[in-house]
Amino acid sequence: MTENQPAGDGETDLSNECKELLSLPKERGWISLHQHQYQGFWCPTEIFQGIIAFQKHFQARDSDIVVASVPKSGTTWLKALIFAIVNRQRFEIKIHPLLTSNSHNLVPFLEVDLYRNNLVPDFSSKFPEPRLFATHIPFPSLGTIKESNCKIVYVCRNPFDSFVSLWHFCNKVRPQSLAPLSLDEAFDMYCQGMDVYGPFWDHMLGYWKESFKRPNNVLFLKYEDMKKDGVNHLKTLAKFLDCPFTEEEERNGVIEDIAKLCSFETMKKLEINKTGTFVLNMESKNLFRKAEVGDWVNYLTPMMEQRMSKVIEEKLGSSGLTFKGTPELADHVQQN
Ligand code: A3P
């Protein structure tokens, strides 16, 4: 299945070290011409060098907070929530940085923003403690973060909706020189585990297992549950991050204020999110589509539904990890 084509878009600026690594398995990419399989996961060419540099240079601190996710699982939302919780003493809601900056620009991705292009960031001035970072890198490849005592908050989403979200997003941000990815082709790649930073099942399982081993360090959240009960999730998050809401804050409606500030409806309407850009100079407006649970029914055929159900059952069935907003998995698996 591996292509052996010459290097294409995005590969000319890479360091020698990365050029060597480009001999790794290569496939058609989602947001760029190619993606590469490195340490068992798939990453777009543009991000590859940042991953290597991050692994080589980043020194995690015990006080760091890291937002982790598979793309299109609610990362933008979780970044906003954590930024607002941790900085709630510093900023008034009415003049909050989240009203004038996209959450991705407040909580940068380690491999995509900070270490991209082999830059070694200056952490001394711009990052007050606790430092807030994000990553899509799978748990086993997290370098010093794995060995530190820092807090990792992982968000996952049911793969049906995640896939539909990813397919829409990638077709909006792919360079115009590349043909769009058809739904069928993208679905096939996704079910084979060739999604961005995928296979999605390995990605989820890595953090899922770690959240049981080290519950004080890894909090595993589900997008669907957060949508259903935002206020309780805010309390869980604040407690996990060692800054629980006080009774006075609860009485004063601080939790509801943060929930509203970070809501899809608020964020989507902001001028900065309509006109601004975020990582890799992508337009922020593409981060906000529908934010619905179960929207996949509008896109996937019954055959696709069955195939995805089977993949989920096979790969995640024994893990205890379940999702809301999906069809009854057991029915479909039995039919086959
Ligand atoms: P849809 O494409 O289904 O609408 P990520 O932030 O990881 O890229 O995930 C993007 C998904 O989260 C998109 O889903 C997007 O609409 C949704 N989303 C963005 N901001 C959100 C928010 N504040 N609350 C809930 N969902 C949000």
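A helix, as the word is used here, is a DSSP run of H or I that covers at least four residues, and helices are numbered from the N terminus. With this term in hand, the reader may examine the open spaces of the structure, which is a predicted model.

The largest pocket encloses about 790 Å³ of space. Its lining comprises 47 residues, and those closest to the centre of the pocket are Lys72, Gly74, Thr75, Thr76 and Leu287. Several helices give two or more residues to this lining: H3, H8 (159–173), H11 (223–228), H12 (230–240) and H15. Of these, H8 gives the most, with six residues. Sorted by class, the lining of the largest pocket contains 27 nonpolar, twelve polar and eight charged residues.

What sits in the largest pocket? The ligand is found there. Helix H3 (75–86) and helix H15 (264–269) are the elements that give two or more residues to the shell around the ligand. The greatest share comes from H3, which gives three residues. The ligand is surrounded by 18 residues, of which Thr75, Thr76, Ser165, Lys290 and Ala291 come nearest. This shell is made up of eight nonpolar, six polar and four charged residues.

Individual atoms of the protein can also be followed to the ligand. A backbone N or O atom of Gly74 lies 3.0 Å from an oxygen atom of the ligand. In the side chain of Arg157, an N or O atom is 2.9 Å from a ligand oxygen atom. Tyr223 places a polar side-chain atom 2.8 Å from a nitrogen atom of the ligand. Taken alone, the ligand exposes 560 Å², and the protein buries 97% of that area.

The second largest pocket has a volume of about 610 Å³. It is lined by 27 residues, and Asn105, Leu106, Pro108, Lys126 and Phe127 are the closest to its centre. At least two residues of this lining are supplied by each of H3, helix H4 (103–106) and helix H5 (110–114). In this lining, 17 residues are nonpolar, three are polar and seven are charged.

The last space to consider is a cavity. A search of the whole structure finds one cavity of 30 Å³ or more, and the largest cavity holds about 30 Å³ of space. Val70, Pro71, Lys72, Ser162, Leu166, Tyr190, Asp195 and Val196 line this cavity. By class, these residues divide into five nonpolar, one polar and two charged.

Key. Residues are numbered from 1 along each chain as its sequence is written. This is a predicted model: local features need pLDDT of at least 70, side-chain atom pairs count only at pLDDT 80 or more; totals for chains, interfaces and linings use all residues. Side-chain values use heavy atoms; hydrogens and water are left out. On a 1 Å grid over the protein atoms alone, a cavity is a set of points where a 1.4 Å probe fits but cannot get out, and a pocket is an open set with protein on both sides within 12 Å along at least five of seven lines; lining residues have an atom within 4 Å of a point. Grid points are joined across faces, edges and corners, and a volume is the space filled by probe spheres set on the points. Ala, Val, Leu, Ile, Met, Phe, Trp, Tyr, Cys and Pro count as nonpolar, Asp, Glu, Lys and Arg as charged, and the others, Gly among them, as polar. A residue is near a molecule or strand if one of its heavy atoms lies within 4 Å of it. A polar contact is a pair of N or O atoms within 3.5 Å; within protein, one must be able to donate a hydrogen and the other to accept it, and residues adjacent in sequence count only if both atoms are side-chain atoms. Accessible areas come from the Shrake-Rupley method with a 1.4 Å probe; for residues, only the protein chains shown count as cover. A molecule sits in a cavity or pocket if more than half of its atoms lie within 2 Å of its grid points.
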